[in-house]
There are 2 protein chains.
Amino acid sequence: MEQVLEQISLSTIEEAAERIKPLAHRTPVATSRLFDAASGREAFFKCENFQRSGSFKIRGASNLVLSLTEQEQRRGVVAFSSGNHGQAVAIAAEYVGAPATIVMPLDSPRAKVAATKAHGATVVTYDRQTENREAIGRRISESTGAVLAPPFDHPKIIAGQGTATLELLADVQDLDALVVCLGGGGLLAGALTVAAALRPEMKVFGVEPAAGNDFYLSLRAGERIGINPPDTIADGLRTPMPGALTFPIVQRYVEDVLLVTDEEIKTTMRFLLTRMKMVVEPSGAVSAAALLGGKIPKALTRVGVLVSGGNVDLDLLGSICLEARD
Amino acid sequence: MEQVLEQISLSTIEEAAERIKPLAHRTPVATSRLFDAASGREAFFKCENFQRSGSFKIRGASNLVLSLTEQEQRRGVVAFSSGNHGQAVAIAAEYVGAPATIVMPLDSPRAKVAATKAHGATVVTYDRQTENREAIGRRISESTGAVLAPPFDHPKIIAGQGTATLELLADVQDLDALVVCLGGGGLLAGALTVAAALRPEMKVFGVEPAAGNDFYLSLRAGERIGINPPDTIADGLRTPMPGALTFPIVQRYVEDVLLVTDEEIKTTMRFLLTRMKMVVEPSGAVSAAALLGGKIPKALTRVGVLVSGGNVDLDLLGSICLEARD
C-alpha cells in the first residue's frame, strides 16, 4: 500500500500532464463578477465541463490507457462507471485502437450512454441497487484479459486527475482555498497531492452530496465506512465508499469535507446557467454550491472551484430550469 | 449621410476597442470537435454570451456612453431595446454615474428586465404590437435632455460592435467566412467594416430568423423595406426594418443574407447546450444554426461564428430542453 501511494506524487502528476496532452484540453479558467457578488469571494472556475468528453475524467483515463504496453492495449480495457469515466475510457481506448467494454448503471443519463457507444465501446448495463459493478468489471477482465480501468482507485487515474489542479495553480496565483467535488476521491486526491507540493498553505475542501456522505462519515470515524447506494441528483458522486488509495490521501491533507443538498445543487446549476451561461452537471455544481451556500470560511477570499463536468440530459436540465418557476 | 458613414471605419473601431476596455471583456474563442463533425467545417465561436451583460451589446453601448461629455452624461441616456441593449446601456451609464431610462417591450424576458433594473436604470415598458418604441424614446429624450442611445443605427454603436470582429480576426487566422446574426444590423455592419479593411477575401454572411426577414427582402429590393413586427423566438432580432446607416454598409459588403427557422434555432441551442456546454440565447444561436443547417457554401471551411449573447429566461430554456423529448 505504501508503495502504491508513493506512485502518486507531484512528479507522476507532471509526467501525466505531458502524457495526456494529445487527448486532454487545457481548460479555461472562468471568473464571474455576478458569482463573486453572490458568494462574497473571488472565485476562479476550472472549467472541466469544457473538457474533451465533457468532464475531467479524460485526464485519468488517458493517463492510464496511454501508459499501457502495446500488448495490453490489444487485449483492451474494461471500466465500470456512472458515465463520465466510462466515456473517457472509451475515448482514450478509441485513440490507441484498443477495444473497450464499459459497465454502466441502467439509470445512467442517456446522453452519457449514447456518447460512450459513439466511441466504439461495448456498453454492459447493471442494476445499481442489486448488482455489484466492480464484480461485473472483474469478471469481464478475467474472461477477456482486458485491463481494468477503475474509476478512481488507481495511481495512474489519480495522477491524471491531479493535472487539472496543476493547470489551475499555474494559471491563478495566491489561491487561499480550493473546492473539489468528492465521489470516489480521485479528483480530490490528485488536487491534494499537487497542493501539498506546490501550495501547502492553500486549504483544500472536498464537497459531497448530503445523501452520499461516505467520506464525511469515514473521516470522522477515522476509517473507511460504506453507505447504501446514495440517492442524489449528483449521479457522478454516488460512490458508496471511499477508495483504499484515495482515503489515506484525503485523510492526510484535506481541510474538511462539506455537504450540500440536492436543492443547493439545483439552485447553483440555475445560477451558473443564467449568470455564467455554463452548463454544469449536478456533480459538477457541488463545489460552487458549497461556496454559494456560505460553507467555506469567510477568511478565505481567493477560491479555486473545480467544475468537474457538464454532461447532463436535456430532460434533467429542462426540469431543473422549470423547477424555478414562481 | 455620407459624412456619418465615414465615421464608421477601421480606425474608429480601433479607437472604440481602446475606449471600451474598462467595461467590455475580451471574450474567448471556443472550438468544438463535435460541432465540426456535425457541420463539416472548422468553426471558431466568438463567445459574446460570456461577455459582460451577457451579450455583445455592451461594446456599442459603452463606446457611445464613454464618448459623451461630462455634461451629456449628467443629463443621462435613454434607450429603447428588446433587452440586451437596454441592459448594456444601463451598465455603461452606471459605470459613469449617468441616469439611464430604458424603454422595453412588455413581453421581454424577465431575466433581462430584472438585470436592467439591477443596474439602477428606470424601466419604461410598451406594447410591441401597438406602440412605437422610438417615439417613446424620443419623447423621453426631449423632455429630460437625455442622450438617445439607439440600439444599432449610430456610428458609435456600430463601431463598438465592430470590436468583436476585430478581436476574432486577431485571435484566428485565415478565416474563409464569418457568420453574424442580423437584427438591426449593428453587429453585422461593424463586422463588415472590419472585414473589408483587414480580410476582404473573407465572405461575411448575415443570418435572420425566417419570420424577421427585413434585411433579406430589402437587399433583394435594393431598398429598405419594413415588415410587421416579426413573431420569432429570437427576441433580439425582431427589428422590423434595416437601419438607415446599417443598410448601405450591409448592402455594399455582405456576401448574402440567410434565413433560419425557429425550429433550427432551438435545435442549435440544444446542440450548444449538450455538446459545447454553452447557454446561448435564441438570437445568439442563429449564426451557428445557419452552419449546422448547411446554408453556408461547403467550399468555405474555416468559419467564424459570432455568438451574440446568452441571456435567456429559465422558463424558455427549460421548455426548449424538454421539447426534444421522444
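**Figure 1. Lys46(A) is a buried lysine in this predicted model.** The relative accessible area of Lys46(A) is 0%. Buried means under 20%, so Lys46(A) meets that cut-off. The residue sits in strand E2 of chain A, which covers residues 42–47. The side chain of Lys46(A) makes a polar contact with the side chain of Glu167(A), at 2.6 Å. Glu167(A) is also one of the residues that Lys46(A) touches. Others among them are Thr27(A), Pro28(A) and Val29(A). Lys46(A) also touches Arg59(A), Ala164(A) and Leu168(A). Val305(A), Leu306(A) and Val307(A) are contacts too. These contacts leave out residues up to four places away in sequence.

**Figure 2. Six strands of chain A form an open sheet.** The strand order is E1-E2-E10-E7-E8-E9. Pairing in the sheet is mixed. Strand E2, the strand of Lys46(A), stands between E1 and E10 in that order. The edge strands are E1 (29–30) and E9 (256–260) of chain A. Each of these two pairs on one side only.

**Figure 3. Strands E8 and E9 of chain A run parallel.** Strand E8 spans residues 203–209. Five bridges join E8(A) to E9(A). One bridge partnership links Glu208(A) with Leu259(A), which lies in E9(A).

**Figure 4. Chain A and chain B meet through 27 residues from each chain.** In chain A, Arg33(A), Lys277(A) and Leu314(A) lose the most area to chain B. Together they account for 31% of what that side buries. The area buried between the two chains is about 2,100 Å². Carbon and sulfur atoms give 62% of that area. What polar links cross the interface? The rule finds six residue pairs in polar contact, both at pLDDT 80 or more. It finds zero salt bridges.

**Figure 5. Two helices of chain A give two or more residues each to the side that touches chain B.** They are H13 (262–276) and H15 (314–322). H15(A) gives the most, with seven residues. The residues on this side of chain A divide into 11 nonpolar, eight polar and eight charged.

**Figure 6. Helix H14 of chain B is mostly covered.** The helix runs over residues 282–292. Of its 11 residues, 10 are buried. The buried residues begin with Pro282(B), Ser283(B), Gly284(B), Ala285(B) and Val286(B). Ser287(B), Ala288(B), Ala289(B), Ala290(B) and Leu291(B) are buried as well. Just after H14(B) comes Gly294(B), with a positive phi of about 70°.

Notes. Residues numbered from 1 in each chain as written. Chains lettered and ligands numbered in written order. Heavy atoms only, no water. Contact = heavy atoms within 4.5 Å. Buried area = accessible area lost by both parts, 1.4 Å probe. Salt bridge = Lys/Arg side-chain N within 4 Å of Asp/Glu carboxyl O. Polar contact = N/O pair within 3.5 Å; in protein donor to acceptor, adjacent residues only side chain to side chain. Helix = DSSP H or I, 4+ residues; strand = E, 2+ residues; numbered from the N terminus. Nonpolar A, V, L, I, M, F, W, Y, C, P; charged D, E, K, R; others polar. Buried < 20%, exposed > 50% of the residue type's maximum accessible area, 1.4 Å probe, protein only. Pairing = 2+ DSSP bridges.
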